[in-house]
Amino acid sequence: MKTKNIMIVGVGGQGSLLASKLLGHLLLSEGYDVKVSEVHGMSQRGGSVVTYVRYGDSVASPVIDRGEADCIVSFELLEAARWLPYLRQDGRIVTNTQQIDPMPVVTGAVSYPEDLVGKMKTAGAGIDAMDCVALAEQAGNIKAVNLVLLGRLSHYFEFPEEAWMRSIEACVPAKFLEVNKKAFALGRDAS
Amino acid sequence: MKQLMLGNKAVARGLYEAGVLFASSYPGTPSTEVTEELARYDDVYCEWAPNEKVAMESAFGACLAGRRAFCGMKHVGLNVAADPLYTMSYTGVNAGLVVVVADDAGMHSSQNEQDSRHHAIASKVPMLEPSDSAEALAFAKLAFELSEEYDTPVLLKMCTRVSHSQSVVETSERTVPLKEYKKDIQKYVMMPGNARKRHPFVEERTRKLTEYAETSPVNRVEMGGTKLGIITSSTSYQYVKEALGDSVSVLKLGMTNPLPEKLILDFASRVEELAVVEELDPVIEDHCRKLGLKVRGKDLLPICGEFSQNMIAEAFGLKTDHGRNLEETLPMRPPVMCPGCPHRGLFYTLKKIGCTVLGDIGCYTLGAVPPLGSMEMTLCMGASVSSIHGFNKALGRESESKTVCVIGDSTFMHSGMTGLANIAYNQSHSTVIILDNSITGMTGHQQNPTTGYNIKGDPAGKIDLEALCRSMGFRRIRVIDPYDLAACEETVREELACDEPSVIISRRPCALLKYVKRRPPLKINPDKCKGCTSCMRIGCPAISMKDGKARVDATLCVGCGVCTQLCRFDAFEGMVKED
């Protein structure tokens, strides 16, 4: 099997760690070779951050290159657009529509680009854009954005729902389990 | 059991299984998690040392005593620890000693892109280079074996992509070999008469290690297509396999010092053309040239920055998909000081006063970024304190009245103290600002000698910064709260004006520390806000302008209140005083 590539992108501090941990658990338990590559250090301080998740029979490189990602999961809209060049021609973006102003926007040097979803569609990218913050709140915890995104992502990979549930149970602390399962379901069923 | 494991955690696991009993390190991205993960094992003594030199010498002491020892650091940390390393090469070890050094090609979190292999060559210490977590675990164990068998410290070289990638490993049980300490003056007292006898031992050891490198399973040939043969190591090996697969033959080197000779010559004879794929400097490539081989390398691939699979593919003539771009240029998202960061108020003050600010290594290096943009120099750990002395001596009184240096608490303990001793001794009227946020922030919250806690979070010795400065002879030591802008400005102006050396301690814990209580977020009263943008000058990510009015992002704001001191119209509401 050819190696598959999932990127998780966002703003440092948004907490993408759970998403990559959960994916790693799922893919390993489904019997794949897996590599997950993270960013630590300075860029975590509110900068643009990316995690690479790769799986297949035998994975060599720990990183994903331009034009290789089967799916980009984004916690923030501008970050989805930033990493667009990494998407395969037939790849899919699953993104939160939340906008977090980067410092050049905060200082007024530039403005936050408008209609990024439309522009990415025009560029030919398959894209699922959702207000994950609202869905996470609906599930009972604003921090469950992770699971809303993974719920949507689950459409594009043929793993059985039980496998996702087992990995959620293995990676999420018991007291947050119900909220996270609900967030996963809301993301999965969002249109 | 198969499990996904971070490269750095796999190193820690390997060290643990090999029976390490002593660990001393200084944190530095991308090396930090090796020591943090090791500290989770109750049967290993672990500590954060004030700097890498102290860590390495402490580890040397433990290995001398007969216990397997480890110290870890980032690439630039090895410069600090180079002094003990080069002579430990002569003394050799008693129990095994493994030094983990993590390079940062691409400078994800570093001030330079130096290649640690040069230190291995220059110090004549063997170096192993894993290419994934499974090798990281295995090589950490092998490093102890080699250390004891060949009587040498061993360098285990990591890099960002191996340190911070998770891949599949299998763990096994721990065994703890112990050695006796034996007095051996000729081996361990490196004065000229003894060192002269040890140097030939080092040369002979390198010869023996070269023989080992010829046949060791860590250096392996993977024959594929024979038109092109590639010699590679570390994460570059993974990119080569990804990009070129079996279309080429590969000599994968797990040991990059000393390099084999016969193995390389034999490999070269089995392929039509030879190339080296290595990040940073052409170390293996130069070695091949010395062996008289015709080889390609840095003519195809850059010295600067990281590699990737596409870069390798294109270097060898394959086409890759470059994906698609949006037509417009997107705003950058550089790292920023966090909301509530105690450094923000101080840098705002320094900018307002118009000081020349000589800086140092830490989160606060972000004080160089707009809109604060008030740091003008950053070199290496501790350099702010030493260089302000030279700067002021060179320019005299005028400079002394408008120049400050800033250094974090951990960096000050690392190597700011010696620079401060120089100011106290040679008397420049310098103003040194210690940014005491009570933690080592940048690398993810490690304790240090000023925090009162050790690596396991237990109470430990605590160095009193004021008392330390007093004991050096400083009479002017001021403590300020960087959330109080008026007090900051008054104090900095006074200390710049006075004709003697002074220390200002800007003290407030990092806003991300768990024990620091977040206060409720502030709100803008839109009727009061005039849209003057005064509050934007502190560069807080929680404040933005929307439709001509300031707006506070309630998910980011921690209620520090620095912005309220800038607003002339009292537009910020909901400020809660600290308990």
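**Entry 1: domains of chain B**

Which domains does the domain assignment give for chain B? I looked this up before anything else. The assignment lists domain 1 (2–215), domain 2 (219–329), domain 3 (343–507) and domain 4 (523–573). Note to self: this is a predicted model, and I should keep that in mind throughout.

I then picked domain 1 and domain 3 of chain B as a pair. Their C-alpha centres lie 33 Å apart. The two are in contact, with 13 residues on the domain 1 side and 16 residues on the domain 3 side. What gives the most to the side of domain 1 of chain B that touches domain 3 of chain B? I found strand S3 (residues 45–48) of chain B there, with three residues. Sorted by class, that side of domain 1 has seven nonpolar residues, five polar ones and one charged.

**Entry 2: confidence in chain A**

I checked pLDDT before reading anything into chain A. The average for chain A is 93, and 97% of the residues score at least 70. Which element of chain A has the lowest mean pLDDT? My lookup gave helix H3 (residues 103–106) of chain A, at 88. At the other end I have strand S4 (residues 69–74) of chain A, which has the highest mean, 98.

**Entry 3: where chain A meets chain B**

I pulled the contact between the chains next. Chain A puts in 48 residues and chain B 46 residues. On the chain A side, I noted H1, strand S2 (33–37), helix H2 (77–82), strand S5 (87–96) and H3, each supplying at least two residues. S2(A) gives the most to that side, with five residues. I also split the chain A side by class and got 24 nonpolar, 15 polar and nine charged residues. H3 of chain A, which supplies residues here, is also the element of chain A with the lowest mean pLDDT, so I flagged that for myself.

**Entry 4: H1 and H6 of chain A**

On to helix pairs. I took helix H1 (residues 17–29) of chain A with helix H6 (residues 145–153) of chain A: their axes come within 8 Å and cross at roughly 45°. That angle makes H1(A) oblique to H6(A). I logged the crossing as right-handed. From H1(A), Leu18(A), Ala19(A) and Leu22(A) meet Asn146(A), Leu149(A) and Leu150(A) of H6(A). By class I have five nonpolar residues, one polar and no charged ones in this contact.

**Entry 5: H5 and H8 of chain A**

How do helix H5 (residues 132–139) and helix H8 (residues 177–189) of chain A pack? I got an angle of about 135°, with the axes 8 Å apart. H5(A) and H8(A) are therefore oblique to each other, and their crossing is right-handed. I listed Leu135(A), Ala136(A), Gln138(A) and Ala139(A) on H5(A), against Val179(A), Lys182(A), Ala183(A), Leu186(A) and Gly187(A) on H8(A). The classes come out as six nonpolar, two polar and one charged.

**Entry 6: H16 and H18 of chain B**

Last lookup, back in chain B. Helix H16 (residues 383–395) and helix H18 (residues 409–426) of chain B have axes that come within 7 Å and cross at roughly 25°. Angles under 35 degrees count as roughly parallel, so H16(B) is roughly parallel to H18(B). I have Val385(B), Ser386(B) and His389(B) from H16(B). The H18(B) side is Gly416(B), Gly419(B), Leu420(B), Asn422(B), Ile423(B) and Asn426(B). My class tally for this contact reads three nonpolar, six polar and no charged residues.

Definitions and conventions: Residues numbered from 1 in each chain as written. Chains lettered and ligands numbered in written order. Predicted model: local features only at pLDDT ≥ 70, side-chain atom pairs only at ≥ 80, totals over all residues. pLDDT = per-residue confidence, 0-100. Helix = DSSP H or I, 4+ residues; strand = E, 2+ residues; numbered from the N terminus. Axes fitted to C-alpha atoms, helices over the stretch in contact; angles between N-to-C directions. Parallel < 35°, antiparallel > 145°, perpendicular 65-115°, else oblique. Left-handed = near helix turned anticlockwise from the far one by under 90°. Contact = placed C-beta atoms within 7 Å. Nonpolar A, V, L, I, M, F, W, Y, C, P; charged D, E, K, R; others polar. Domains from an automatic or database assignment.
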